[in-house]
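Here is a short set of exercises to work through with the model open beside you. Try each task before you read its solution.

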Amino acid sequence: MKKVLSGNEAFARAAYEAGVGVVSSYPGTPSTEITENVSHYKEIYTEWATNEKVGLEVAIGASLGGKRSMSCMKHVGLNVAADPLMTLSYTGVNAGLVVIVADDPNMYSSQNEQDSRHFARFGKVPMFEPCDSQEAKQFTKDGFSLSEEYCTPVLVRSTTRISHVQTIVELEDRVEAPKLAPENNIPKWVMIPANARKRHRFVENRLELLTELAEGGKYNKIAMRDKKIGVVCSGVAYTYVREAMPEASTLKLDLAWPLPMKKIAQFAASVDKLYVVEELDKFYETEIKAQGIKVETLERDVCGELSVDAVRELFGVPPVEADVDTTLPFRPPNMCPGCSHRGIFYAISRLKLFVTGDIGCYTLGLLPPLQAINTTVCMGASIGMAHGLDKATDDMSKKSVAVIGDSTFLHTGINSLVNTVYNQGHSTVIILDNTITGMTGHQPNAGSGKDIHGNPMPKIDFAAICKAVGVKEENIRVIDPFDIVNAMEVLKEETSKPEPSVIITNKPCIFADRSVIEEPYFIHEDKCSGCRVCTKLGCPAIAWDASKRVALIDENLCTGCHLCIKVCKFGAIEQRSK
Amino acid sequence: MKLDILMVGVGGQGTVLSSNIVCDVALAAGYDVKKSEIHGMAQRGGSVVTHIRIGETVASPTIPLKSADIVVSFERMEFLRYSEYISDNTTLILNTQMILPPSVADGAAEYPQSKIDSVKSRFSKVYEIDAISKAMELGNQKIAGMVVLGILAKSVPFGKGEWEQAIKDRVPPKTIELNLKAFDTGYNY
Ligand SMILES: Cc1ncc(C[n+]2csc(CCOP(=O)(O)OP(=O)(O)O)c2C)c(N)n1
Ligand code: SF4
Ligand code: SF4
């Protein structure tokens with residue numbers, strides 16, 4: 001049967017058809033829906049892990065235990081999981097293990113634009129690069145057999161234009177994977193130097209065998225058309241090349257690593273001019289040139305994504321004159337009406353604190369009118385950076401706070417808090433516990449009290465963790481983020497203490513608990529003084545009527561969170577009765 | 001056959017369901033189809049754009065510049081952001097619903113009505129509809145997208161039965177009748 005599936009649905013389907021038993025991942029755009037879709041197959045044990053390193057380690061354990069396993073993450077997630085990956089390359093696997101890593105060219109929702117192909121070369125492991133959903137499914141399935149055959153983890157690289165693109169896929173049935181016994185093999189699995197030296201040799205030999213596979217007939221096909229131009233390309237860039245230059249001959253790299261250099265040399269020899277069209281870094285180009293093969297130069301930007309038009313332009317077609325109107329009023333992302341982050345951010349901005357920030361919906365606290373985020377580096381960075389700021393300056397700990405979401409605190413915040421306590425820091429950390437991983441589309445986490453299917457689970461107690469790592473009980477303050485006056489008071493108290501403090505907010509994301517949504521508010525035009533203080537909250541439901549000089553509330557958007565009544569001094573805002 | 005449809009709107013307007021139905025219909029009619037979506041962050045209110053490409057074979061999942069056959073704008077001004085896709089022969093299907101961008105809601109900027117009028121004139125054909133009112137007449141604002149889909153269906157060469165089947169497959173069973181009614185309203189508009 002044929003169906004239109006997104007790349008992410010196809011990756012999940014591959015796990016199902018390949019007889020996978022265990023999937024453990026941490027969410028991250030554009031990879032999140034892979035694991036969400038896997039969780040709908042009851043044959044597969046699926047979980048949200050606390051971070052990518054844990055997710056991959058769970059997958060390694062499952063492979064050791066004899067079940068095919070998979071872990072999915074966004075590109076920066078593989079940085080976190082790089083430590084196990086690098087040595088997993090040495091141990092190899094028992095049952096097949098595939099890691100799907102999704103890059104984000106153009107950074108539609110990421111903090112950097114790194115190119116994951118480097119990890120395949122770095123870790124000396126094979127990497128597939130599908131160009132559509134059908135290949136996403138096929139290559140992932142192939143990945144499991146290849147993993148077992150060559151005793152290697154297999155990487156599959158996606159990008160936003162693979163994960164979030166739907167194309168036609170031929171569905172097949174699930175085939176249960178061969179049952180393997182749990183493996184107990186010390187020389188293979190215990191990577192002490194004496195064993196690891198032998199395994200490194202194994203890795204080098206394996207790479208040679210994989211190169212033979214890459215050179216063979218199954219993958220990396222050459223399609224000869226016009227001999228004047230030959231293009232080496234892969235992934236979605238291949239589809240752009242096919243459309244932009246249907247006459248050009250192509251060598252499509254299904255495997256981004258290892259590269260079939262003999263085949264590439266043969267292709268180069270059979271065309272007049274050889275080009276490489278790839279998205280992001282000059283990865284293939286650098287490798288091919290290093291072999292002494294002549295590659296024509298293209299003025300390609302390594303920043304951002306390609307397109308049919310961009311490829312045409314690379315080959316000298318004058319760009320389409322497109323009149324993009326940049327003066328249109330933007331629709332920037334904003335925290336939702338009723339978001340539990342808004343009140344506490346208003347308090348922070350009133351106190352003009354310097355904020356080491358983290359990654360999540362609260363990063364949007366950066367935007368006007370709140371403007372209360374001063375740094376964003378990577379997940380978990382807020383707490384360590386606040387500590388560094390404290391140690392480097394005389395009084396910054398009194399004027400600054402770290403903000404971190406619940407999911408991010410569990411991901412990589414706890415270790416930094418331990419560090420602050422251990423090294424006698426003075427910083428104040430705000431854990432914005434909205435009981436969910438909001439930014440990536442509301443996945444439960446260990447603090448949610450629910451698993452990936454919504455079943456009840458033990459709920460991590462943030463205050464207890466802080467106490468356990470040594471934050472004094474009187475410096476742990478659980479507050480209602482909508483109570484601005486109290487929040488300001490608590491912030492003043494805790495930042496002034498020469499000790500580590502943690503403030504924990506206790507209201508859910510409106511998507512985590514829909515029962516918090518109440519009747520909407522409205523503004524009495526005659527009572528509104530036009531002071532505009534409510535518009536300084538940045539709630540998308542509050543608008544300003546310039547002609548009447550009064551504020552107004554869009555009742556279709558308002559979730560009845562009660563925040564704006566707390567700032568209105570004229571009693572102009574009132575709730576609709578049921 | 002080549003059919004490139006650009007669907008634009010504001011997060012939360014339900015463009016995803018509509019574009020999924022278009023893909024199902026194209027598949028059922030025996031064509032190749034690709035759809036590319038950028039949905040950004042979890043919050044509502046941002047610009048969303050979906051490329052749908054239908055043909056004997058489709059390579060790129062995104063539409064080249066100046067070659068959209070149809071632009072479907074679920075919000076009154078959103079198509080302005082994608083005017084580089086308009087060709088000499090592009091049809092516009094416009095839902096006249098206004099969702100104010102924050103700077104407009106805040107009084108700092110104006111809603112670009114004059115630009116809407118001038119860019120609209122560059123389309124070879126324009127269908128305009130107040131889909132929200134039509135949907136409310138049928139009793140539910142949420143089915144406005146289905147009204148818009150009905151207009152689109154009338155402009156493309158697939159059978160009405162295929163559309164109805166795809167809708168039945170995609171919407172919750174209890175809402176099939178209402179959705180089909182909304183679709184009909186657009187189809188007969
Ligand atoms: C290493 C890494 N993994 C995943 C992501 C994707 N990501 C961005 S924010 C976020 C979590 C946000 O959840 P939380 O901290 O609870 O804040 P909320 O969005 O709920 O406010 C994730 C998983 C990332 N940026 N980096
Ligand atoms: S999704 Fe939740 S956490 Fe994110 S902005 Fe909306 S209410 Fe806030
Ligand atoms: S308008 Fe007021 S009550 Fe409604 S969501 Fe916004 S801040 Fe909350």
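A salt bridge here is a side-chain nitrogen of Lys or Arg within 4 Å of a carboxyl oxygen of Asp or Glu. Keep in mind that the model is predicted.

**Exercise 1. Find the salt bridge of A:E296 and say whether each partner is buried or exposed.**

Step 1: The side chain of A:E296 meets that of A:K294, with N to O at 3.2 Å. This fits the limit of 4 Å.

Step 2: Buried means under 20% relative accessible area, and exposed means over 50%. A:E296 has 17% relative accessibility, so it counts as buried. A:K294 has 61%, so it counts as exposed.

**Exercise 2. Work out which parts of chain A are tied together by the salt bridge between A:R477 and A:E493.**

Step 1: The N to O distance of this pair is 2.7 Å.

Step 2: A:R477 belongs to strand β17 (residues 476-479) and A:E493 to helix α20 (residues 484-496), so the bridge ties together parts of chain A that are 16 residues apart in sequence.

Step 3: Now the accessibility: A:R477 is partly exposed at 22%, and A:E493 is partly exposed at 34%.

**Exercise 3. Do the same for A:E172 and its partner in a salt bridge.**

Step 1: The partner is A:K137, and the closest N and O atoms are 2.8 Å apart.

Step 2: A:K137 sits in helix α7 (residues 133-150) of chain A, while A:E172 is in the loop between β8 (165-170) and α9 (186-189), so the pair ties together parts 35 residues apart in sequence.

Step 3: A:E172 is partly exposed, with 34% relative accessibility, whereas A:K137 is buried at 0%.

Step 4: For the wider view, the whole structure has 48 salt bridges over all chains. There is also a network of salt bridges that links A:D103, A:D115, A:R117, A:E129, A:R157 and A:E278.

**Exercise 4. Describe helix α3 of chain A from its start to just after its end, and decide where its buried residues lie.**

Step 1: Helix α3 (residues 52-64) has 13 residues and spans 18 Å from its first C-alpha to its last, close to the 18 Å expected at 1.5 Å a residue.

Step 2: At its start, a side-chain oxygen of A:N51 comes to within 3.0 Å of the backbone nitrogen of A:K53.

Step 3: The buried residues of α3(A) are A:E52, A:G55, A:L56, A:A59, A:I60, A:A62 and A:S63. They cover an arc of only 165° around the axis, so they lie on the same side of α3(A). An α-helix has 3.6 residues a turn, so residues three or four places apart point the same way.

Step 4: Just after α3(A), A:G66 has a positive phi of about 105°.

**Exercise 5. How many residues of helix α5 of chain A are buried?**

Step 1: In helix α5 (residues 82-91), seven of the 10 residues are buried, so the helix is mostly covered.

Step 2: The buried residues include A:P84, A:L85, A:M86 and A:L88.

Step 3: A:G92 follows α5(A) and has a positive phi, near 75°.

**Exercise 6. Which residues come closest to ligand 2 and ligand 3?**

Step 1: Ligand 2 lies between chains A and B. Of the 11 residues that surround ligand 2, the closest are A:C336, A:C339, A:C361, A:N434 and A:C509.

Step 2: The shell of ligand 2 holds seven nonpolar, four polar and no charged residues.

Step 3: Around ligand 3 there are 14 residues, with A:C539, A:C558, A:C561, A:H562 and A:C564 nearest. This shell has 10 nonpolar, four polar and no charged residues.

Notes: Residues numbered from 1 in each chain as written. Chains lettered and ligands numbered in written order. Predicted model: local features only at pLDDT ≥ 70, side-chain atom pairs only at ≥ 80, totals over all residues. Heavy atoms only, no water. Helix = DSSP H or I, 4+ residues; strand = E, 2+ residues; numbered from the N terminus. Buried < 20%, exposed > 50% of the residue type's maximum accessible area, 1.4 Å probe, protein only. Near = heavy atom within 4 Å. Nonpolar A, V, L, I, M, F, W, Y, C, P; charged D, E, K, R; others polar. Expected span 1.5 Å × (residues − 1). Arc of directions from axis to C-beta. Polar contact = N/O pair within 3.5 Å; in protein donor to acceptor, adjacent residues only side chain to side chain.
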